[in-house]
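The paragraphs below walk through one protein model, moving from its overall build to its sheets, a helix and a set of charged pairs. Please keep the sequence and the structure in view while reading.

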Amino acid sequence: MKIVSSDDKITIYIYRNEIIDNINDYMKKLILKLKKKYHIDIYGFYKVNVYKNNKIGMIIDLLKEDDIDFFTDLVDLKIKVYEDSNMYLEFNDYFLREKKNVYIINNNYYVDINKLSKKELLSMIEFCKIIYGEELNKLPLGIKS
């Protein structure tokens, strides 16, 4: 699990496939873990986007919408789950470019995670940024090298 936090957004990368029967219970356990183990102060209203992909696992975005001034232990979540989400790796290293179906946009290279083998994905993920959701929708992916 990898956590990237800023003022209004917390992103959790879970690099394994998990079968989730109840997303509400899963998010409750995850938030408790973030509070206890990582000392991340979570309270208020959050929009939660869960992006699932069979190759990479899950990416969870916690987007803070508003604070609750009087209750610092209350969390309200609006959860949206995206099954089989498209995800791309973004990199600017020319030598990683030898992979399949590489798109070039603004001097960055993009490759579809689903087109990579597990071995290729594991060798590249450390040097790349994962593009998904709204950020992916903004890219004009149509120019192949």
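In this predicted model, 64% of the contacts with a separation of 6 or more are accounted for by residues that lie 24 or more positions apart. Buried residues make up 38% of the 145 residues in the protein, and along its principal axes the C-alpha trace spans about 55 × 30 × 25 Å. The protein has 3 helices and 9 strands, and, read along the sequence, these elements follow the pattern β-β-α-β-β-β-β-β-β-α-β-α.

A convenient place to begin with the strands is E4, residues 57-66, which takes part in two of the pairings described here. With E3, which covers residues 44-53, strand E4 pairs in the antiparallel sense over 9 bridges, and a hairpin of 3 residues joins E3 to E4. Within this pairing, Lys47 has Leu63 in E4 as its bridge partner. Strand E2, residues 9-14, also runs antiparallel to E4, and the two are joined by 6 bridges; here the bridge partner of Ile14 in E4 is Met58.

Another set of strands forms an open sheet, in which 4 strands follow the order E7-E8-E6-E9 with antiparallel pairing. Which strands stand at the edges of this sheet? They are E7 (102-105) and E9 (129-132), and because each has a single partner strand, one side of each is left without a neighbour in the sheet. From one strand to the next, the twist averages 35°. Looking more closely at one end of this order, E7 is joined to E8 (residues 108-112) by 4 bridges, the two strands running antiparallel, and Tyr103 finds its bridge partner in E8 at Tyr110.

The helix to follow next is H1, residues 23-36, whose 14 residues should span 20 Å at 1.5 Å a residue, the expected span being reckoned on one less than the number of residues; the end C-alpha atoms are 20 Å apart, which agrees with that expectation. Which residues of H1 are buried? They are Tyr26, Met27, Leu30, Ile31 and Leu34. Seen down the axis of H1, the buried residues fall within an arc of 130°, so they line one face of the helix. On the other side of H1, by contrast, Lys28, Lys29 and Lys36 are exposed. The cover over the buried residues of H1 includes strands E1 (2-5), E2, E3, E4 and E5, so that E2, E3 and E4, already met above through their pairings, appear here again as part of what covers the helix.

The last topic is the charged side chains, among which the structure holds 4 salt bridges. One of them is formed by Asp61 and Lys9, whose closest N and O atoms are 4.0 Å apart. This pair links distant parts of the chain, for Asp61 lies in strand E4 and Lys9 in strand E2, 52 residues apart. Asp61 counts as buried because its relative accessibility is 4%, under the 20% that sets the limit for a buried residue, whereas Lys9 is partly exposed, with a relative accessible area of 31%. The salt bridge therefore brings together a buried acidic residue and a partly exposed basic one, on two strands that are also joined by bridges.

The side chains of Lys52 and Glu83 meet in another salt bridge, at 3.5 Å from N to O. Here too distant parts of the chain are linked, since Lys52 is in strand E3 while Glu83 is in the loop between strand E5 (75-82) and strand E6 (87-91), 31 residues apart. Are these partners buried or exposed? Lys52, at 15% relative accessibility, counts as buried, and Glu83, with a relative accessible area of 52%, is exposed, the limit for an exposed residue being over 50%.

A further salt bridge joins Glu18 and Arg16, with their closest N and O atoms 2.8 Å apart. In this pair Glu18 is partly exposed, with a relative accessible area of 24%, and Arg16 is partly exposed as well, with a relative accessible area of 48%.

Conventions:
Residues numbered from 1 in each chain as written. Predicted model: local features only at pLDDT ≥ 70, side-chain atom pairs only at ≥ 80, totals over all residues. Heavy atoms only, no water. Pairing = 2+ DSSP bridges. Axes fitted to C-alpha atoms, helices over the stretch in contact; angles between N-to-C directions. Buried < 20%, exposed > 50% of the residue type's maximum accessible area, 1.4 Å probe, protein only. Arc of directions from axis to C-beta. Contact = heavy atoms within 4.5 Å.
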